Amino acid sequence: MKQSKVTFKSLIKAFLNVMAVLLALIAVWLLVVRAVAPPPKNGADFTSARDYSLENTIESVPDKYFVPAKNGGAIEEVYYMTPSAEKRAIIYLPPGYDSSRQYDIIYFQGGANSTEETYFGTPDNPKPKFKNMLDNMIINGDIKPVIAVCANFYNKPRSETDMSELTSMYQTYTSEVRECLVPAVESRYSTYAASVSESDLASSRAHRAFGGYSMGAALTWNMFAGNIDYFYYFIPNCGGLQNPYVPHLSTDAGAMLNNSLVSSGYTKDDFFIYSVVGTLDITYNSTRCLINDLSRNYSENFVFTQDNTKNGNITFKKKNFRVHSFSNATTYFYNALPAIFS
């Protein structure tokens, strides 16, 4: 009997064929499993053609918006006390800030490796990219003049923070923002709050937003649950409320958010959420889980729309093949802010 001879060339050919099949399967997984989320079922107000399209939903920031603007805004700092530590907030003041005027205000929260310096740097060592973008958006009329605040989640350097401390801070940070950060900032700068009493801060909530990236997105969802009486607008980008690697589409976070809304006494007409995530972002699964839960199970309170707050109260957009990076988050905020402060 004649035995067939296996050559090195034939082994290489077989290996390449196997790799081709694996690459094809990976491509299908990326394009279908991760890039296509089941559309919410919540009535005519939902515009699936735009909200779930991977094309033309997110515009890139024009390069000229990163160029320093003539007579741009200013960067300042505010120190304030919390129950655990003295902290510093970095404040962005818009071009031509005038303390006799009233300004909308947004609180930006960074990710797990962030500090209060992440978005704007410091007055002595500024990070101009995000500031230049805001300056040019305001000067060009894309958004109204707005005060922006970046605060630090941590009580001490993250490298010195153990898991029990991290868990404790995560549970108390909503109260810290409410009781310490907001009063410290808005007692110094001119917003729509007549004073920093709870009633005046609640009365001015329509002019206040909270947005975050990564862990900051999870904290933004928590602000919705705990501080909706202080904030009207929420921008949770690149993050849900559970493990970012969970592959399934179900979560109990939707029930928590819905229950908190109902118990607060506010309704679907009293808030607006703008959420974005990249399809290759490590937080894509957790974000998609939460969005699908809200759209499938709580559509009476979370009404999906485009960017029009008159027709709904939540926009969800995806950016094809974008990974988890602050550069991408900058683009997402560029798209979100005109839907809030235009």
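What is the relative accessible area of Tyr-233? The value is 14%, so Tyr-233 is buried; buried stands for under 20% relative accessible area, exposed for over 50%, and partly exposed for the range in between, with a 1.4 Å probe and protein chains only.

The structure is a predicted model, in which local features need pLDDT of at least 70 and side-chain atom pairs count only at pLDDT 80 or more, while totals for chains, interfaces and linings use all residues. Numbering runs from 1 along each chain as its sequence is written, and side-chain values use heavy atoms, with hydrogens and water left out.

**View 1. The whole chain and its confidence.** The chain contains nine helices and eight strands; helices (H or I, at least four residues) and strands (E, at least two) are DSSP runs, numbered from the N terminus. Of its 342 residues, 51% are buried. Contacts (heavy atoms within 4.5 Å) are dominated by distant partners: among those with a separation of 6 or more, 76% join residues 24 or more positions apart. The mean pLDDT, the predictor's confidence in each residue from 0 to 100, is 84, and 85% of the residues score at least 70. Strand 4 (residues 146-150) has the highest mean, 98, and helix 2 (residues 48-51) the lowest, 32. Over residues 31-56 pLDDT stays under 50, and the model has 67 contacts beyond four places in sequence for this stretch.

**View 2. Tyr-233 and Phe-341 form an edge-to-face aromatic pair.** Rings of Phe, Tyr and Trp (its six-membered ring) pair if their centres lie within 6.5 Å; planes under 30 degrees apart are stacked, over 60 edge-to-face, and the rest tilted. The rule gives 27 aromatic pairs. In the pair shown, the ring centres of Tyr-233 and Phe-341 are 6.1 Å apart and the planes stand at 65 degrees. Tyr-233 belongs to strand 6 (residues 233-237) and Phe-341 to helix 9, so the pair connects parts 108 residues apart in sequence. Phe-341 is buried, at 1% relative accessible area.

**View 3. Helix 9 and a cluster of rings.** Helix 9 (residues 326-341) has 16 residues, and its end C-alpha atoms are 22 Å apart, in agreement with the 22 Å that it should span at 1.5 Å a residue. The expected span is 1.5 Å times one less than the number of residues in the helix. Of the 16 residues in helix 9, 13 are buried. Ring pairs also join Phe-326 and Phe-333 in a cluster with Tyr-92, Phe-108, Tyr-119, Phe-120, Phe-130 and Tyr-213.

**View 4. Surroundings of Glu-76 in strand 1 (residues 74-81).** Glu-76 is partly exposed, at 28% relative accessible area. Its side chain makes a polar contact of 2.6 Å with the side chain of Tyr-189. A polar contact is a pair of N or O atoms within 3.5 Å; within protein, one must be able to donate a hydrogen and the other to accept it, and residues adjacent in sequence count only if both atoms are side-chain atoms. Ile-91 is 15 residues from Glu-76 in sequence, with a C-alpha to C-alpha distance of 5.0 Å. Leaving out residues up to four places away in sequence, the contacts of Glu-76 include Ala-89, Ile-90, Leu-93, Pro-123 and Arg-188.

**View 5. Asn-227 and Arg-178 share a polar contact.** Asn-227 is part of helix 6 and is buried, at 1% relative accessible area. The side chains of Asn-227 and Arg-178 meet at 3.2 Å. Beyond four places in sequence, Asn-227 touches Arg-178, Thr-174 and Asn-222.

**View 6. Positive phi at Ser-214 and Cys-238.** Most residues other than glycine have a negative phi. Ser-214 has a phi near 65 degrees and sits in the loop between strand 5 (208-213) and helix 6 (215-227). Ser-214 is buried, with 17% relative accessible area. The phi of Cys-238 is about 65 degrees, and Cys-238 lies in the loop between strand 6 and helix 7 (253-264).

**View 7. Buried cysteines.** Cys-238 is buried at 0% relative accessibility, and Cys-180 is buried at 13%. The whole structure has zero disulfides, a disulfide being a pair of cysteine sulfur atoms within 2.5 Å.
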